[in-house]
Structure formats: structure tokens, C-alpha cells
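Here is a short report on one protein chain and its ligand. Please keep the sequence and the model in view while reading.

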Amino acid sequence: MNPIKNKTLHDNRNSFWKIAQLAENKYWRTRCSDAIGIFYEMGEDLDLPWMLQKTLKRNPQSFLDVGVGPMGVGLHWMYPKTPIRIGIDPLTKINVLTGNSYADKLVEEICRDSWYSRGRGEELPFRSNFFELVVCHNVLDHVSEPISMLNEVCRVTQKGGYVGISVDTNSRLGNFLRKIDRKLRSHLNTYKQHPHDFIIGEIGEFLKSKGFDILFVNNASFLGGLLGRRRRQSWVAIKTL
Ligand SMILES: C[S@@+](CC[C@H](N)C(=O)[O-])C[C@H]1O[C@@H](n2cnc3c(N)ncnc32)[C@H](O)[C@@H]1O
């Protein structure tokens, strides 16, 4: 392995990520400034919450939301009685004040009993096998080192505990076309905010290789799997090893 080449790759990824995070911060400041933005973020995609609700019908003992978002809500609303609830995100927490008291109180209440920590999912400051549930909802294509982050998510999940992951994925053809389009239209916000692309099914295979059994997955349609894109492909898996 060439350490100089490796360092350059790391620096490049880091600078892409910093640009992505600037765009992300701007996005969340707008979202958190009105009630529609708040409700949109909470209900934008409910496949993963639906799968989690089917799997874990009680409140888990400990719950980590990796890339929770600077609003601090993430999927914390699902388990109000969980005693240890932590959200981690690199962005500074935003104090939501939209002027709509229903929206503001809801966010305040959800955040009141959970801990917001600033940090990156690639280096989680928690001991191994600690959490009963770890989720990572719509985050992996935003980070600088997605494999390191997945490793960390698996590490901090306890044996017999659950992970819930969702991310947009592409067919092999879709992935190839996106690579070309990225080069041609790198100025687009969608590319700036999402430095990575994933292939349909890739995350499920990774989880299996780490000793997880897949309990739920929303697969792509036949045509989608061949040519298209699977929006928010989601997995719920249990750690067996
Ligand atoms: C699209 S938002 C999703 C937020 C939340 N999970 C949700 O579903 O509402 C992506 C989040 O990933 C966070 N993020 C980006 N890079 C990250 C990293 N390296 N580690 C943890 N979170 C990261 C961003 O700051 C942003 O809040």
C-alpha cells in the first residue's frame, strides 16, 4: 500500500465531505425555520421506522441514532420510554423556533430526554457492544468514509441487538450513469450533499459479513434492480455473532 497515495485519497474525500457538510448545514437551517420543514423531515420516508416498529415492539434499553441531524430528532420519536437515547452528528445542534408552537413543542419534547453529541460516525465515542438499537437513517451517502462508519455501527451494537439502516441505492447501470453525470454536473446540490453512491443490496451483504441476520429489507422491483434506483433502501438486522 502506498501511504502517500492513500493520504491524498483521504484528503480528497475529506474536502468533498466538508463541501457536503456546508450544503447540509444550509439545508437544515432552512428546514428548521418553519413548521413544514420540521414535519417534512420527520415524515419524509417511513420505510425504516415501519420495519423497526414491526421488529421491536417495546422500547429498547439503549438507542443510538448516527447522523441524527442537527434538529436532534431523527428516529428518537419512535421510542419515548427508552432510558438511554443518544443522537450523534457532526453539525452544531439547531435550536428550533419556527413560531408554530405545535411544531416547536414537539421537537422540544422529543429532544428533552435524549442526548445530542457532536461527532462523526466513523469514530463513535462509545464502547463496543453497548447499544441495543443503532440506526443510521439516510446518512451513509453523506459521510466521508462509509465503510468505517458501518464498521463502527456494527461494533457498538450489542449481541442480540438491532441495526436499522437506510440509504438511496442504484442498479449497476444507474450507478455507472451517475458516475458520468457527477463528472458533468458536479455543481448540482444533490451531488455536493451526497459524495457517495451505493449499489442495490450492497449494505445487506456487508451486514451479513459482519455476523448480522437480515430481518427486513425493502428490495427494488425487478426493473428497478436492473436499470433504476431504489430510494431509501432500508434494512433491519439482528447481531448474532
Ligand atoms: C439527510 S441527513 C439525515 C438526518 C436524519 N438521520 C434524518 O433521517 O432525518 C444526513 C445527516 O448525516 C450527517 N452526517 C454527515 N456526515 C456524517 C458523519 N461522518 N458522521 C455522522 N453523521 C454525518 C449530516 O450532518 C446530516 O445531519
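## Ligand shell

Of the 21 residues around the ligand, the nearest are Gly67, Gly69, Arg120, Gly121 and Val143. This is a predicted model. The shell around the ligand splits by residue class into 7 nonpolar, 9 polar and 5 charged.

## Overall fold

The protein chain carries 9 helices and 8 strands. Along the principal axes, its C-alpha atoms fill a box of roughly 45 × 45 × 40 Å. The radius of gyration is 18 Å, and a compact globule with 241 residues would have a value near 18 Å, so the two agree.

Buried residues account for 37% of the 241 residues in the protein chain. Among contacts with a separation of 6 or more, 73% join residues 24 or more positions apart.

## Strand 5 and its partners

Strand 5 spans residues 157-170. It is mostly covered, with 10 of its 14 residues buried. Which strands pair with strand 5 in the parallel sense? Strand 4, residues 131-137, does so over 6 bridges. Strand 6, residues 198-199, does so over 2 bridges.

Strand 8 covers residues 229-239. Strand 8 and strand 5 run antiparallel, joined by 8 bridges.

Individual residues fix the register of each pairing. Toward strand 4, Ile165 in strand 5 stands opposite Cys136. Toward strand 6, Thr169 has Phe198 as its bridge partner. Toward strand 8, Asn170 stands opposite Arg229.

## The crossover

What lies between strand 4 and strand 5 in the β-α-β unit? The answer is helix 5, residues 146-156. Strand 4, helix 5 and strand 5 together make a right-handed unit. The two strands of this unit also pair with each other, in the parallel sense.

## Positive phi outside glycine

Asn129 has a phi near 60 degrees, a positive value in a residue other than glycine. Asn129 sits in the loop between strand 3, residues 115-118, and strand 4. Is Asn129 buried or partly exposed? It has 13 other C-beta atoms within 10 Å, so Asn129 counts as partly exposed. The buried class starts at 20.

Arg232 also has a positive phi, near 45 degrees, and is likewise a residue other than glycine. Its setting is a strand, namely strand 8. That is the strand that runs antiparallel to strand 5. Arg232 has 16 other C-beta atoms within 10 Å and is therefore partly exposed.

## Lys210

Where is Lys210 found? Lys210 is in the loop between helix 8, residues 202-209, and strand 7, residues 212-217. Within 10 Å there are 18 other C-beta atoms, so Lys210 is partly exposed.

Lys210 and Lys93 are 117 residues apart along the chain. Their C-alpha atoms are separated by 32 Å. For scale, the box filled by the C-alpha atoms of the protein chain is roughly 45 × 45 × 40 Å.

## In brief

Strand 5 pairs with strand 4, with strand 6 and with strand 8. Most of strand 5 is buried, at 10 of 14 residues. Asn129, Arg232 and Lys210 are partly exposed. Around the ligand, the shell holds 7 nonpolar, 9 polar and 5 charged residues.

Terms used:
Residues numbered from 1 in each chain as written. Predicted model: local features only at pLDDT ≥ 70, side-chain atom pairs only at ≥ 80, totals over all residues. Near = placed C-beta within 6 Å. Nonpolar A, V, L, I, M, F, W, Y, C, P; charged D, E, K, R; others polar. Buried ≥ 20, exposed ≤ 12 C-beta atoms within 10 Å, placed from the backbone. Helix = DSSP H or I, 4+ residues; strand = E, 2+ residues; numbered from the N terminus. Pairing = 2+ DSSP bridges. Right-handed = clockwise from strand over helix to strand, strands pointing away. Rg over C-alpha atoms; globule rule 2.2 N^0.38 Å. Contact = placed C-beta atoms within 7 Å.
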